[in-house]
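Biologist: Got a minute to walk me through this model? I'd like to poke at the packing and the charged pairs.

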Amino acid sequence: MADIKYYDVILKPVITEKSMNAMAEKKYTFLVHPATKSQIKEAVEKMFEGTEVAKVNTMNNDGKVKRRGVTLGRTDKYKKAIVKLTEASKEIEIFEGL
């Protein structure tokens, strides 16, 4: 398997009403490359200075079945990570003001 750098692990943040409400508890949601929890933890701590990760929860989501005429297909599958920061940790700047 190819060597994955920390900046390749986190693809983009998830901006939904549920994820925004979880930010009050210092929980942030990201779409991530299929990586391990320890790789996700390392990537968050390196990308966002001053953050300390307490816990990482991940989930693999299959693509939805879509139909176009008679043909059936699937959308892409993806992996989502919910990262909980410690109490002493700084906030993640990209989410401020949302």
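What follows is a short chat about the core, the strands, the salt bridges and a surface patch.

Modeller: Sure, just keep in mind that this is a predicted model.

Biologist: Fair enough. Which residues touch the most other members of the largest nonpolar core?

Modeller: That core has 17 residues. Strand E2 (27-32), helix H3 (37-47), strand E3 (53-61) and strand E6 (78-85) each put in at least two of them. The members with the most contacts to other members are Ile10, Phe30, Ile40, Val44, Val83 and Ile92.

Biologist: Let's zoom in on one of those. Leaving out residues up to four places away in sequence, what does Val44 touch?

Modeller: Val44 is one of the residues that touch the most other core members. Nonpolar side chains tend to be buried together in soluble globular proteins. With the sequence neighbours left out, Val44 touches Ile10, Phe30, Thr51, Val53, Val83 and Ile92.

Biologist: And Ala54, how far is it from Val44 in space, C-alpha to C-alpha?

Modeller: Ala54 sits in strand E3. Skipping neighbours within four places, Ala54 has contacts with Lys84, Leu85 and Thr86. Along the sequence, Ala54 and Val44 are ten residues apart, and their C-alpha atoms are separated by 11 Å.

Biologist: Now the strands. Is E2 largely enclosed or open, and how many of its residues are buried?

Modeller: Buried here means under 20% relative accessible area. E2 pairs with strand E1 (residues 10-13) in the antiparallel sense over three bridges, and E2 also pairs with E6, again antiparallel, over six bridges. The rest of the structure largely encloses E2, because the buried count is five of its six residues.

Biologist: Which residue of E2 is the bridge partner of Pro13?

Modeller: Pro13 is worth looking at with the E1 and E2 pairing in mind, which is antiparallel. On the E6 side, Leu31 has Lys80 as its bridge partner. For Pro13, the partner in E2 is Phe30.

Biologist: On to charges. How many salt bridges are there?

Modeller: Side chains of opposite charge can pair when their charged atoms come close. The cut-off is a Lys or Arg side-chain nitrogen within 4 Å of a carboxyl oxygen of Asp or Glu. Lys27 and Glu25 pass at 3.7 Å, N to O, and Lys90 and Glu93 do so at 3.6 Å. By that rule, the count is four.

Biologist: What about Lys46 and Glu42, how far apart are their closest N and O atoms?

Modeller: Both residues belong to helix H3, four residues apart, which is about one turn of the helix. Lys46 is partly exposed at 42% relative accessible area, and Glu42 is partly exposed too, at 37%. Their closest N and O atoms are 3.1 Å apart.

Biologist: Back to Lys27 for a second: what is its relative accessible area?

Modeller: Lys27 opens strand E2, given as 27-32. Its salt-bridge partner Glu25 is partly exposed, at 47%. Lys27 is partly exposed as well, with a value of 28%.

Biologist: Last one. Which residues form the nonpolar patch on the surface?

Modeller: Patch members need over 30% relative accessible area. Met47, which lies in helix H3, is partly exposed at 34%. Together the patch residues have about 290 Å² of accessible area, and they are Tyr6, Tyr7 and Met47.

Notes: Residues numbered from 1 in each chain as written. Predicted model: local features only at pLDDT ≥ 70, side-chain atom pairs only at ≥ 80, totals over all residues. Heavy atoms only, no water. Core = buried A, V, L, I, M, F, W, Y, C linked by side-chain atoms within 4.5 Å. Buried < 20%, exposed > 50% of the residue type's maximum accessible area, 1.4 Å probe, protein only. Helix = DSSP H or I, 4+ residues; strand = E, 2+ residues; numbered from the N terminus. Contact = heavy atoms within 4.5 Å. Pairing = 2+ DSSP bridges. Patch = residues over 30% accessible without salt bridge, like charges linked within 9 Å, V, L, I, M, F, W, Y side chains within 5 Å. Areas by Shrake-Rupley, 256 points an atom, 1.4 Å probe, with all protein chains shown as cover.
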